[in-house]
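Biologist: I'd like to go through this protein with you and ask how you back up each label. Can we pull it up first?

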Amino acid sequence: LKDIGSAMTIFTEQMMNDLGANSINDLLAFAPNTDPFVNSLTDASGNGNAFINNATLYVTRGGSTNVVGQDFFSNGIPADRFNSEAFTFTRGPNAILFGLGNAAGAFISSTKRAKQKDSRTVEQQMDSRGGHRLTVDLNQMLIKNYLALRYSGLFEGMNSFRLHTNDYQRRHFFALNFTPFK
């Protein structure tokens with residue numbers, strides 16, 4: 001990365017653990033020259049209702065954008081770290097190189113891949129408002145050096161300071177790695 005002439009910030013899994021960040025919205029506070037996009041009159045799309053259609057809006061280098069992708073493909077699914085190994089944030093004109101086409105910047109997450117080793121992780125988080133988050137990450141090598149399967153699951157119930165505004169998520173993710181030739 002030191003030889004790349006682009007403004008990039010990489011948030012690894014270890015760094016997200018240290019920051020206690022679970023999503024792109026949590027990482028916006030730590031990305032340089034980046035703020036959440038807040039404007040009551042217009043929005044990034046210009047029609048006043050992008051907050052309904054876009055889960056993540058942010059401003060970087062003066063331009064508002066909502067380019068969020070996973071493995072270099074744009075999607076409308078909010079990115080979360082339960083199924084991501086790293087988040088890459090690029091800002092400025094070189095963000096166009098990711099293929100998503102916005103000079104203001106882009107957040108790209110890299111999904112977890114099935115690996116040729118067995119591992120199991122269970123994490124539980126709780127907050128002072130009674131919210132909870134449970135993540136499960138299972139990686140199983142089925143046939144040594146040929147076939148591996150990975151499952152990641154999320155169950156989250158977050159409470160807000162406002163009454164009756166709760167956020168619940170139940171998500172699942174599978175990955176298969178088949179390597180027939182060496």
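**How do you know?**

Modeller: Sure, and keep in mind that this is a predicted model. Let's start with Phe-87: setting aside neighbours within four places in sequence, Phe-87 is in contact with Thr-9, Ile-10, Phe-11, Met-16, Ile-24, Leu-27, Ala-79, Asp-80, Arg-81, Ile-108 and Ser-109.

Biologist: What makes those count as contacts?

Modeller: Heavy atoms have to lie within 4.5 Å. Phe-87 also belongs to the largest nonpolar core, which has 13 residues. Phe-11, Phe-87 and Phe-107 have the most contacts inside that core.

Biologist: Which elements give two or more residues to this core?

Modeller: Those are α2 (24–27) and β7 (84–91). Another core, of six residues, lies apart from it, and Phe-82, Ala-148, Leu-154 and Phe-173 are among its members.

Biologist: Okay, on to Asn-22. Why is Asn-22 called buried?

Modeller: Its relative accessible area is 12%, and buried means under 20%. The value for Asn-22 falls under that cut-off, so Asn-22 is buried.

Biologist: Where does Asn-22 sit, and what does it touch?

Modeller: You'll find Asn-22 in the loop between α1 (13–19) and α2. Leaving out residues up to four places away in sequence, Asn-22 touches Asp-80, Arg-81, Gln-125 and Arg-133.

Biologist: What makes the link between the side chains of Asn-22 and Gln-125 a polar contact?

Modeller: The two side chains are joined at 2.9 Å, and the cut-off for a pair of N or O atoms is 3.5 Å. One atom must also be able to donate a hydrogen and the other to accept it. The pair is listed as a polar contact on that basis.

Biologist: How many aromatic pairs does a search of the whole structure find?

Modeller: One. The rings belong to Tyr-151 and Phe-174, with their centres 5.0 Å apart and their planes at 45°.

Biologist: Why is that pair called tilted?

Modeller: Centres must lie within 6.5 Å to pair, and planes under 30 degrees apart would be stacked, over 60 edge-to-face. At 5.0 Å and 45°, the rings pair and fit neither of those labels, so the pair is tilted. Tyr-151 is in strand β11 (residues 147–159) and Phe-174 in strand β12 (residues 166–178), so to speak two distant parts of the chain, 23 residues apart.

Biologist: Is Phe-174 buried or exposed, and how do you know?

Modeller: Its relative accessibility is 57%. Exposed means over 50%, so Phe-174 counts as exposed.

Notes: Residues are numbered from 1 along each chain as its sequence is written. This is a predicted model: local features need pLDDT of at least 70, side-chain atom pairs count only at pLDDT 80 or more; totals for chains, interfaces and linings use all residues. Side-chain values use heavy atoms; hydrogens and water are left out. A nonpolar core is a set of buried Ala, Val, Leu, Ile, Met, Phe, Trp, Tyr and Cys residues joined through side-chain atoms within 4.5 Å. Buried means under 20% relative accessible area, exposed over 50%, partly exposed in between (1.4 Å probe, protein chains only). Helices (H or I, at least four residues) and strands (E, at least two) are DSSP runs, numbered from the N terminus. Rings of Phe, Tyr and Trp (its six-membered ring) pair if their centres lie within 6.5 Å; planes under 30 degrees apart count as stacked, over 60 as edge-to-face and the rest as tilted.
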